[in-house]
Amino acid sequence: MAPGALRAIFPPSDWLRTYSPRWLGGDLVAGVTLAAYALPVALAYATLAGLPPQVGVYGYILGGLGYALLGSSRHLAVGPTSAISLMVAANVGAMAGGDPARYAEIATLAGFAVAMLCLLAWALRLSVLVKLISDSVLVGFKAGAGITIALTQLPSLFGVPGGGQNVIERVVVLAGQMGGVNIVTLCLGLVAILLLVVGGRRLPGRPVGLGVVVLSILAVVVLGLAGRGVTVTGVIPAGLPELGLPTLRVTDVEGIFPLAAGCLLLAYIEGVSAARSFAEKHGYELNPRQEFLGLGAANLFAAFGHGYPVAGGLSQSAVSEQAGARTPLALVVASGALALCLLFLTGLLANLPKAALAAIVLTAVAGLIDLREMQRLWRVSRIDFAATVVALVGVLLLGILQGILLAALASILMMLARTSLPHVAFLGRVPGSGILSDMLRHPENATIPGVLAFRPEGSLVYVSAEAVQEAVLGQLAAQPAGVIGLVVCDLSASPHLDISGARMLRRLHAALTAQGIRLAVVGAHGEVRDLLRRDGVADLVGGVERGATVEGILAQQAIPG
């Protein structure tokens with residue numbers, strides 16, 4: 001294998017070759033800092049997923065090692081995320097049929113399935129997945145996921161059992177249990193939230209969550225809060241995860257691949273978005289296709305350790321980057337630090353209150369609800385805002401797995417809707433010049449005697465061709481009979497044209513010829529000209545020459561300005 005090909009498929013061969021000793025200190029500090037941040041978050045997210053707390057730590061340890069081997073980002077940190085944890089909790093329960101052991105096995109199997117799909121996506125070069133969900137739809141999806149996750153954590157914050165299978169049921173059940181709120185638990189949780197918020201603002205990039213975990217454990221032990229109704233995590237088994245294949249096969253569990261596909265779509269979009277921002281900041285190239293292998297290795301390693309699907313996230317990556325990480329060696333250091341915690345510190349975590357874990361999750365997902373961005377979308381583009389609302393409501397009513405699939409569908413439909421109704425600019429002369437521009441935007445423009453010039457502002461393809469034809473014929477019908485003798489189609493704003501677009505021009509030519517009107521086509525791009533020539537449309541309209549413009553056609557016809 002050529003050195004370049006090896007570096008492409010095995011990124012450590014690149015960054016290890018150029019590794020500077022000056023970077024080691026930053027990677028060591030960043031790794032320890034990331035571990036301190038990840039420990040409480042991993043415990044909280046595993047609980048959110050309905051799994052034992054230590055399983056979340058397994059995901060950080062092994063997922064980070066897998067990504068360090070094959071991921072192309074030097075700063076992306078990989079581990080359990082809130083959205084994927086909720087996706088697992090919302091779907092695996094029904095598959096497991098109430099059996100906790102089977103529940104854990106299915107969650108692990110989902111990790112293996114994600115790894116399989118990652119390999120398939122890499123082979124098929126499906127990095128286009130990152131474009132399946134538009135930014136506006138992603139805003140709504142994140143907000144819906146944030147609200148849904150928050151509702152799963154509020155019962156732990158209030159010290160009540162909670163319950164319900166969807167957002168509406170959870171709200172109703174929680175409202176009915178408010179009379180039994182444990183005040184001690186609530187106070188502990190609110191103080192934890194206050195410390196997390198203030199600490200996050202005053203000490204950015206520092207492991208504030210770990211400090212809150214330590215303080216909450218001390219509070220439980222010193223004040224005897226467990227005896228006052230405060231629920232604690234309980235004994236966490238010490239030791240490293242046992243490695244092994246899942247006992248179930250993918251054919252044994254119906255619905256495992258839809259769950260894995262949802263996890264992959266969410267993980268890839270979030271991970272690549274975060275990784276790209278760090279690559280741009282630090283001036284190195286990110287390989288979106290290679291990210292499938294990095295994500296696949298992370299999930300494969302996590303699943304071998306009986307973890308569940310993992311992903312890269314912006315918050316943990318920012319912690320590592322701000323602490324001085326220069327390469328994925330920071331992930332290796334973090335994995336080692338977390339392994340030491342599992343070996344020697346699990347006894348201290350037995351008195352960790354679940355209200356503190358709920359506080360960590362609530363403060364983490366608060367950033368998912370971006371009200372300022374929603375206000376901006378409302379102000380700038382009502383269509384994008386509508387897409388945001390559709391995604392948000394879809395997640396709240398259908399659940400997070402169905403919500404992300406609806407979000408992808410909404411993005412595609414929004415793109416098709418915009419493509420199918422392109423603006424058609426009818427051109428007039430700017431007063432006092434030979435420049436032509438859209439008369440709708442500039443009513444002061446002068447009409448061109450005997451000529452109707454139009455410019456479709458979008459590709460002429462099967463979803464848009466008919467709308468353009470209707471707009472042109474409608475504008476022509478509004479003119480007095482016999483006034484228009486020439487219609488000029490300016491394709492300078494149409495980068496693509498398919499066979500349906502060519503047929504539309506044929507129909508338009510026939511309709512105009514029946515009225516004694518000539519059609520000319522100008523401004524066509526190279527590939528568009530080629531297609532029009534092959535289809536014979538160029539001969540019908542008198543040619544589609546390179547460099548032809550509306551102004552040139554008017555000059556040939558000696559039409560006065």
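Angles over 145 degrees between N-to-C directions count as roughly antiparallel, and angles under 35 as roughly parallel. Keep that in mind as you explore this predicted model.

**Exercise 1.** Work out how helix H9 and helix H10 are oriented to each other.

*Solution.*
- Step 1: Find H9 at residues 183-202 and H10 at residues 208-223.
- Step 2: Their axes come within 9 Å and cross at roughly 155°.
- Step 3: Angles over 145 degrees count as roughly antiparallel, and H9 and H10 are therefore roughly antiparallel to each other.
- Step 4: The handedness of this crossing is right-handed.

**Exercise 2.** Describe which residues make the contact of H9 with H10, and of what kind they are.

*Solution.*
- Step 1: H9 contributes Leu188, Ala192, Leu195, Leu196, Gly199 and Gly200.
- Step 2: From H10 come Val208, Gly209, Val212, Leu215 and Ala219.
- Step 3: Sorting these residues gives eight nonpolar, three polar and no charged.

**Exercise 3.** Trace the open sheet of five strands and find its edges.

*Solution.*
- Step 1: Read the strand order, S4-S3-S5-S6-S7, with mixed pairing.
- Step 2: S4 (436-438) and S7 (518-522) are the edge strands, each pairing on one side only.
- Step 3: From one strand to the next, the twist averages 30°.
- Step 4: Look at S3 (residues 423-429), which runs antiparallel to S4 and is joined to S4 by three bridges. Here arginine 429 stands opposite leucine 436 of S4.

**Exercise 4.** Which strands does helix H20 lie across?

*Solution.*
- Step 1: Locate H20 at residues 499-513.
- Step 2: H20 lies across S5, S6 (486-490) and S7, and runs at about 150° to S7.

Technical notes:
Residues are numbered from 1 along each chain as its sequence is written. This is a predicted model: local features need pLDDT of at least 70, side-chain atom pairs count only at pLDDT 80 or more; totals for chains, interfaces and linings use all residues. Side-chain values use heavy atoms; hydrogens and water are left out. Two strands pair if DSSP finds at least two bridges between them. Helices (H or I, at least four residues) and strands (E, at least two) are DSSP runs, numbered from the N terminus. Axes are lines fitted to C-alpha atoms, for helices over the stretch in contact, and angles run from 0 to 180 degrees between N-to-C directions. Contact means heavy atoms within 4.5 Å. Angles under 35 degrees count as roughly parallel, over 145 as roughly antiparallel, 65 to 115 as roughly perpendicular and the rest as oblique. A crossing is left-handed if the near helix is turned anticlockwise from the far one by less than a right angle, and right-handed if clockwise. Ala, Val, Leu, Ile, Met, Phe, Trp, Tyr, Cys and Pro count as nonpolar, Asp, Glu, Lys and Arg as charged, and the others, Gly among them, as polar.
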